[in-house]
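User: I should like a close look at a single part of this structure, followed by a connected account of its surroundings.
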Amino acid sequence: MNPEFVQKAWRTKCEKGNFGASKPENRLYELLCDVFGKEDVIRQYIDEVRYPFYCDFYIQSLNLFIELNAHWVHGGHWFDKDNLEDIVQLHDWIERFRIDGSSFYFAAIERWTERDLLKRQFALDNHLNYIVFWNNDLSDAQEFLSKYRVVRSEAAE
């Protein structure tokens, strides 16, 4: 698919708010806004130089890129080609793709084994403030945000 077309489609979705976000993504947005304020939280943010991907959220005041990888297509953790369990999982997805021919499994394989790793490497190479949350119940995000709630409440006193 033409990268310019993909980018234009994403921008249109941003402008119209048509992302079809998951319940955990919508909930995380609410949590982020509760802590940082709606004006500080940007959904589907892209910085074409530092991080040329649409990240789920960007906190302007912290210059923080946030990805929510709670959906199963992200594998639940970073793919590790040297981890036997990851290889078994990958082969299972490949087999499922072969059986039903669904592009969904193909996309999941590419996302988990390539794209998520590429995004992480981009963040490292560009020394970004970057965090990924993996838990569908957002417990990891809530733990992270609890530190900022304390700081904000102390600052208000």
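Which residue is the bridge partner of Phe 65 in strand 4?

Analyst: In this predicted model, the bridge partner of Phe 65 in strand 4 is Tyr 130. The two strands concerned, strand 3 (residues 64–68) and strand 4, pair in the parallel sense over five bridges.

This pairing belongs to an open sheet of four strands, arranged in the order 1-2-3-4, with mixed pairing. Strand 1 (41–47) and strand 4 (129–133) occupy the edges; each has a single partner strand, so one side of each is left without a neighbour in the sheet. From one strand to the next, the twist averages 40°.

Two helices pack on the sheet. Helix 2 (residues 23–36) touches strand 1, strand 2 (51–59), strand 3 and strand 4, and the direction of helix 2 makes about 105° with that of strand 1. Helix 4 touches strand 2, strand 3 and strand 4, and the direction of helix 4 makes about 80° with that of strand 2. Strand 3 and strand 4 are thus touched by helix 2 and by helix 4.

Helix 4 (residues 103–125) also has a helical partner: its axis and that of helix 3 (residues 84–100) come within 9 Å and cross at roughly 155°. That angle makes helix 3 roughly antiparallel to helix 4, and the crossing of the two is left-handed. On the side of helix 3, the contact is made by Asp 86, Gln 89, Leu 90, Trp 93, Ile 94, Arg 96, Phe 97 and Asp 100. Helix 4 contributes Tyr 105, Phe 106, Ala 108, Ile 109, Trp 112 and Thr 113. By class, this contact has nine nonpolar, two polar and three charged residues.

Aromatic side chains deserve a separate remark. A search of the whole structure finds 18 aromatic pairs. One of them joins Tyr 45 and Tyr 58, whose ring centres are 4.0 Å apart and whose planes lie at 10°, so the pair is stacked. Tyr 45 lies in strand 1 and Tyr 58 in strand 2, so this pair ties together parts that are 13 residues apart in sequence.

Key
Residues numbered from 1 in each chain as written. Predicted model: local features only at pLDDT ≥ 70, side-chain atom pairs only at ≥ 80, totals over all residues. Heavy atoms only, no water. Axes fitted to C-alpha atoms, helices over the stretch in contact; angles between N-to-C directions. Parallel < 35°, antiparallel > 145°, perpendicular 65-115°, else oblique. Left-handed = near helix turned anticlockwise from the far one by under 90°. Contact = heavy atoms within 4.5 Å. Nonpolar A, V, L, I, M, F, W, Y, C, P; charged D, E, K, R; others polar. Pairing = 2+ DSSP bridges. Phe/Tyr/Trp six-rings, centres within 6.5 Å; stacked < 30°, edge-to-face > 60°.
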